[in-house]
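Me: I would be grateful for a close look at a single part of this structure. Please take one strand and the sheet around it, and then place that part within the whole.

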Number of protein chains: 2
Amino acid sequence: MLVDEKAFCADPQEWHEKIVDFVQPDELKKLIDLKIEENQNYTLEEIQKICQQVIHYSVKTSHGRFHNQLFGQMDPYGLAGSWITEALNTSAYTFEVAPVFSLIETEIVRKVCELCGYGQGDGIFSPGGSISNMYGVVLARYRQFPEIKSKGMFGIPPLVIFTSEESHYSFKKAAHWLGFGVDNCVMVKTNDRGQMLPEDLELKILEAKAHGKVPLFVNATAGTTVLGAFDDFNRIADVCQRHELWMHVDACLGGSALLSYKNRHLLKGLEKSDSFSWNPHKSLGAPLQCAPFLTRHAELLPQANSTAVHYLFQQDKFYDVSYDTGNKSIQCGRKIDAFKFWIMLKARGYGSFGRLVDHALDMSKLFMEKMKRRQGYRLVMEDFQYTNVCFWYVPQSMRNQKEDEKWWQKLYEVVPKVKELMIRQGTLMMGYSPLQYRNIGNFFRMVFTCFPVMQEAELDFILDEIERLADSC
Amino acid sequence: MLVDEKAFCADPQEWHEKIVDFVQPDELKKLIDLKIEENQNYTLEEIQKICQQVIHYSVKTSHGRFHNQLFGQMDPYGLAGSWITEALNTSAYTFEVAPVFSLIETEIVRKVCELCGYGQGDGIFSPGGSISNMYGVVLARYRQFPEIKSKGMFGIPPLVIFTSEESHYSFKKAAHWLGFGVDNCVMVKTNDRGQMLPEDLELKILEAKAHGKVPLFVNATAGTTVLGAFDDFNRIADVCQRHELWMHVDACLGGSALLSYKNRHLLKGLEKSDSFSWNPHKSLGAPLQCAPFLTRHAELLPQANSTAVHYLFQQDKFYDVSYDTGNKSIQCGRKIDAFKFWIMLKARGYGSFGRLVDHALDMSKLFMEKMKRRQGYRLVMEDFQYTNVCFWYVPQSMRNQKEDEKWWQKLYEVVPKVKELMIRQGTLMMGYSPLQYRNIGNFFRMVFTCFPVMQEAELDFILDEIERLADSC
């Protein structure tokens, strides 16, 4: 056995307990006294009771049957680490107030740069993948047009960023915030598996140039949010090199494959990128927020983001101020997000996480096989890609009928109905989504994460439960 | 007695313990085994030992003699709240996965809007003041030029933001990231107390217009980082109204005065602003990060920041999706920062925090008076303003000398030397800063926060300690 399941698994005996005791917002407002008043004199017991109520009505994301987001159960080491961080309550800007944590952040960044093939890169922990992706765009802009830092983007031809239609929405948000405009975040077409088409990327780049615009930045994705697709980084790198564009990889989900011998190949070509984002708070079980941003261009991070700040980054300190990391950041105060991840890696070794990623992928493959062997399942994508399995279940009442547009509409409507039953009964939580850019309606998205370490019997439970709920609709 | 000190104060008997056991970075790297390896098999005891080492060499920011940043001791209720949040590990984007926390965030926002005079405003918890300030700039830009969201900032005249020379550096960083350019973040002059000069603001606005630029946004500050100055919001609001500019208030430090009857007057005119940032993780003792951003323009927050996201913000859910807050955010996954603050307010009532703010201000006044009665102290600013007291101490060896430029240079150099001794001996931690825009060199900045609840004897200790260290230099 590759992984010691006892050490990793919360007790499945407890999984019959509800994931959530769902009540509608208006009703929940009556159940919990939300009001904040000027004078309140609760006893400690009363405050504990309020906390217990809050816990009771919250979703138990570390329940083994919560598969609703790209994160699942937490690693208990991660939780212990985060509690220590909370208790020490400091900020990541200077070695002065975060001596150990500064070194720990630097060590993780160094190790990740080594694993991904950046060599002497640099990086920083950000509050999440969306802001990490913004770091990538800002560095790209600074490298090509350093004068924008002082002069802004006025009076220059439009700069364009490219990302696939299947990629994360944070690139549109970044395009808005950073002044590019959403129209200058160009959506590149994908193949049936949801992978960016390099030839369409090249076409879109040429089109932008033909319209007098300046291509700047390409995002490729390692593990898209819905389908779990990995773009072909080598082919995208070729296009980027040809047009001298910054290549960023949104590996918020798929970055965890870096830790696995067996599946690292999914990231081949990542070493050619200029930067990437990774969220160990997704599949690896690190508590939210845990989001390193990495770049091969170590010098750009402080150059782009620094301002001279004399009350915080004094240059006449008595220690080597190169250990003050705040100059690389868009934030001033910055939460310590590195320690909880470091203690996870320290305790288990990163190889263990690699094997857990492998196991999650094995389970996701097995889940697909089981669906093929059962009645009523349809896969959105036949090929196995990563931890996400997207599918429909056709209730018994809908089988052996003409599968016309009306039938499909009805199937799309089954999905949110089943989801409602899941939540109301609290037995299972799973996401769903349409793929509007392909005119595909709602389907289920099951996501396998490192925690819980899934067993075959649990896969059968999930399928049985989907069938039970859908057939009762 | 206005505040129950027993309930608030960590035990001063323990304050003789070191705040930090300082070692130089290179030495610390040898003391703690930072390395992350593929295969590590530590026992639980060994991991505990590593955690103890990390704790040992970390700065104890909740030590009663840590006055190094704008934050100090934590409120124990806040810590308990943050531990609960960590254990429940969810994300703030949807009611589906954060039912109670979504309602709690909304309730805090509602209450703060009521207290500050916004009425029906809205807001969101962000990862810190710098990003909150960016929210303000983005909303200002969206209100005046909504087409920038789609088209970007290309081909339009430069937009300008105004803030005082004494204000926080995050406005320069925001100007860079958001595409304005640092040169279009215009520094407005301040008076001797560090308050923005409204007449210079008007002058700078007219100058920008004369250069063909478009004034957009004015930041006023409630409690500047170094001097603790409060700008005159009423006069600044007049200027903004005259020129139709968005008025934002960076109240990251001074926002806490909202909770105090006695000192709320410091914020008069805040109700005329369009948005403001507030960090309860600063003076109030909420654990980092706790940073609500508020705006009176409730409709703008989702309008400016939303994108249609079909896998997360499905419109066919079975509950009222207006409770999903993710559409207002620049982030996707977003840490739950509201609960720890809510439980603090719930447990004590916000009036208690108001009285703690009053007490911190009383102590800061008393601290200044004590300095005036002692030998060797010089205040950077004679007038009392807020929780920050900026000063020099002239060592005995430097008294009764000609105070020429050389003498002052020497005094400026005393400051980091004393700081070094503080840290090496671990007895006290206090910040220092120059004011380069006024050609003033290093001085100490003592900051009073709600926790610890300071007693007069402690002020004497601090002054004795400064004298002991400086006279031994």
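Reply: A residue is called buried when its relative accessible area is under 20%. With that cut-off in hand, strand β10 of chain B can be examined; the model in which it lies is a predicted one.

Strand β10(B) covers residues 388-393, and six of its six residues are buried, so the strand is largely enclosed by the rest of the structure. Both of its faces are covered. On one side stand B:Asn388, B:Cys390 and B:Trp392, and on the other B:Val389, B:Phe391 and B:Tyr393, all of them buried.

Next come the neighbours of the strand. Strands of a sheet pair through backbone hydrogen bonds, either parallel or antiparallel. Strand β9 of chain B, residues 377-379, is joined to β10(B) by three bridges, and the two run antiparallel. Strand β12 of chain B, residues 440-447, is joined to β10(B) by four bridges, again in the antiparallel sense. B:Phe391 is a convenient residue at which to see both pairings. B:Leu379 stands opposite B:Phe391, while in β12(B) the bridge partner of B:Phe391 is B:Phe444.

These strands belong to an open sheet of five strands in chain B, whose order is β1-β11-β12-β10-β9 and whose pairing is mixed. The edges are held by β1 (66-67) and β9, each with a single partner strand, so one side of each is left without a neighbour in the sheet. At the β1 edge, two bridges join β1(B) to strand β11 (residues 429-435), and these two strands run parallel. Within that pairing, B:His67 has B:Met430 of β11(B) as its bridge partner.

What packs against strands of this kind can be followed in chain A. There, the buried residues of helix α14 pack against β9 (377-379), β10 (388-393), β11 (429-435), β12 (440-447) and α15 (456-471). Helix α14(A) comprises residues 405-425, 21 in number, and spans 31 Å from its first C-alpha to its last, close to the 30 Å expected at 1.5 Å a residue. An α-helix has 3.6 residues a turn, so residues three or four places apart point the same way. The buried residues of α14(A) include A:Trp407, A:Leu411, A:Val414, A:Val415, A:Val418, A:Lys419 and A:Met422. Just after the helix, A:Gly426 takes a positive phi of about 70°.

A second strand of chain B offers a parallel counterpart. Strand β3(B) is mostly covered, with six of its six residues buried. B:Leu159, B:Ile161 and B:Thr163 lie on one side, B:Val160, B:Phe162 and B:Ser164 on the other, and both faces are covered. Strand β3(B) pairs in the parallel sense with β5 (residues 214-221) over four bridges, and B:Leu159 has B:Val214 as its bridge partner there. Four bridges also join β3(B) to β4 (residues 185-188), which runs parallel to it; B:Thr163 and B:Met187 are bridge partners in this pairing.

In the loop between α7 (148-151) and β3 (159-164) of chain B lies B:Met153. At 0% relative accessibility, B:Met153 counts as buried. Leaving aside neighbours within four places in sequence, its contacts include B:Arg141, B:Ile148 and B:Leu159 in its own chain, and A:Met153, A:Phe154 and A:Gly179 in chain A. The C-alpha atoms of B:Met153 and B:Tyr437 are separated by 31 Å, the two residues being 284 residues apart along the chain.

The contacts of B:Met153 with chain A lead to the relation between the chains. A turn of 180° with a shift of 0.0 Å along the axis lays chain B on chain A with an RMSD of 0.0 Å. That is the relation of a two-fold axis. Moreover, 100% of the interface residues of chain B are also interface residues in chain A, so the copies meet through the same surface.

Finally, the confidence of the prediction deserves a word. Chain A averages a pLDDT of 95, and 98% of the residues score at least 70. The model scores ipTM 0.97 and pTM 0.97. Where pLDDT is low, the predicted coordinates should not be read in detail.

Note on methods
Residues numbered from 1 in each chain as written. Chains lettered and ligands numbered in written order. Predicted model: local features only at pLDDT ≥ 70, side-chain atom pairs only at ≥ 80, totals over all residues. Heavy atoms only, no water. pLDDT = per-residue confidence, 0-100. Least-squares fit on C-alpha atoms with pLDDT ≥ 70 in both. Contact = heavy atoms within 4.5 Å. Expected span 1.5 Å × (residues − 1). Buried < 20%, exposed > 50% of the residue type's maximum accessible area, 1.4 Å probe, protein only. Pairing = 2+ DSSP bridges.
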